[in-house]
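Colleague: I am still learning how to read a fold, and I would like to look closely at one part of this one with you. Could you take me slowly through a single strand and its partners, and then go on to the parts around other strands?

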Amino acid sequence: MANPRQAVKKIIDEVIAMRRDFHANPELGFEEYRTAEKIEEYLQALGLETERVAKTGVTAIIEGKSAKPLLMLRADMDALPVEEVNNLDYCSTCPGVMHACGHDAHMAMLLGAARILNDWRGELEGSVKLVFQPNEEEAGALAMIKAGVLDNPPIDAAMGLHLWSPLKTGKVGINAGAVMGGLDIFKITIRGKGGHTAYPETAVDPLIAAADIIKTAQRIQTRDISLLKPTAIMFGRISGGSKANIIPDKVTLEGSVRTLYPDYEEENPIERLKNLAENVCAVHGCGCCFEYYRENIPLINDQDLSHLASEVAGEMVSVTGLVSDLVCMASEDFSEFTARVPGVFVFIGTGNKEKKSDYPHHNPRFNIDEDSLSLGVEMLISFALKFFQKGGVK
Ligand SMILES: [Zn+2]
Ligand SMILES: [Zn+2]
């Protein structure tokens, strides 16, 4: 088997070209039709059999010397409803849609890795399942799981990566345990009784109840749940009222609850918030309707696989390039895979101020440093090789 770094060098121009093509042709979640076709075309040209899963998802298996262990490598496919303001030769050609999270690069890197691993399949001590997943931004992983992506044959371990602009190019971030937040989205409708602001005693004011809920909710994260269990209850939208001298009938509050610990069910911050909102509303004589949905569960990296990935990254970028405390409250639906099979999610630094690739993800000026692509491809293939060398996870 040849050297991974040398092998990546030979194909990196192709990876860059594919990334630019995906970037110029972004598609929103579950609408990645062109994207899926391009992926299928490429994999089929390698001689791989592809399968469509969950509308626009694509999978393929690279069969090594043995069917087991079976390692899943995943890339997400969707773009965002963002109008790109960059001035690049390969800017988005689709108004209002942009690859502003780096998923264009994730697909290109996985395709590059697929080409190399497929060339070496005769020597692989295991097999690789390539998973191109649609709609990451709205929890598309579950649709693939429901369609059986983790079964027949069963996956032994999963690995995914994300280019990360807050991390400098050349660095790799790997952390065991909780690395990305769980996310609940809630909406509280507070019903009062409308009236004239000159006669508040004749009305029931939902605005003052709303203000109390916003203020009191902060106690959940700072008083009720341990400070060592990060919980962020944030309000993003308040709606209600039509004029300065009118007490409105109702007010709605919308927001998010983010957590970064595995025992979410025990702490149950969303249930605490529901109780708090209902009680505050009762004090004010208001009605309360609390709605929420769980968008993502926290992403928990498997201990053994994290150590394996750190070992691989350490060989690639040395100890100084390895960041072992990268955790964030943003969420990512790779968590659905790691909740079912041992998995590890790796951050590849792509931030470079001079190249203006340090804008935050989802920003209309977001761009990656293409020099980070080779490290990403190398991480995918080197991780697979090390995983097979160790005989999988025990
Ligand atoms: Zn994103
Ligand atoms: Zn993303």
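Modeller: Please keep in mind that this is a predicted model. Let us begin with strand β5, residues 157–168, which pairs with β16 in the parallel sense over eight bridges. One of the places to look at is Met 159, whose bridge partner in β16 is Val 344. Strand β6, residues 172–173, is also joined to β16, here by two bridges, and these two strands run antiparallel. Within that pairing, Val 172 has Ile 348 of β16 as its bridge partner.

Now turn to β16 itself, which covers residues 343–351. Nine of its nine residues are buried, which means that the strand is largely enclosed by the rest of the structure; the cut-off for "buried" is a relative accessible area under 20%. In a regular strand, side chains alternate between the two faces of the sheet. In β16, Gly 343, Phe 345, Phe 347, Gly 349 and Gly 351 point one way, while Val 344, Val 346, Ile 348 and Thr 350 point the other way, and all of them are buried.

A separate sheet makes a useful second example. This open sheet has four strands in the order β10-β12-β8-β13, and the pairing is antiparallel. Its edge strands are β10 (231–240) and β13 (287–296), each of which pairs on one side only. Neighbouring strands of the sheet are turned against each other by 15° on average, if direction is ignored. Strand β8, residues 182–191, pairs with β13 in the antiparallel sense over nine bridges, and Leu 183 stands opposite Asn 296 in β13. Helix α5 (residues 206–224) packs on this sheet and touches β8, β10 and β12 (250–259), with a direction that makes about 170° with that of β10. Helix α7 (residues 269–283) packs on the sheet as well, touching β8, β10, β12 and β13, and its direction makes about 165° with that of β13.

Finally, consider a single residue, Ile 62, which is found in strand β2, residues 57–62. Ile 62 counts as buried because its relative accessibility is 0%. Leaving aside residues up to four places away in sequence, Ile 62 touches Leu 48, Ala 114, Leu 117, Asn 118, Arg 121, Leu 124, Ser 127, Val 128 and Leu 130. Pro 81, by contrast, is 19 residues from Ile 62 in sequence and 34 Å from it in space, C-alpha to C-alpha.

Terms used
Residues are numbered from 1 along each chain as its sequence is written. Chains are lettered from A and ligands numbered from 1 in the order in which they are written. This is a predicted model: local features need pLDDT of at least 70, side-chain atom pairs count only at pLDDT 80 or more; totals for chains, interfaces and linings use all residues. Side-chain values use heavy atoms; hydrogens and water are left out. Buried means under 20% relative accessible area, exposed over 50%, partly exposed in between (1.4 Å probe, protein chains only). Contact means heavy atoms within 4.5 Å. Two strands pair if DSSP finds at least two bridges between them. Axes are lines fitted to C-alpha atoms, for helices over the stretch in contact, and angles run from 0 to 180 degrees between N-to-C directions.
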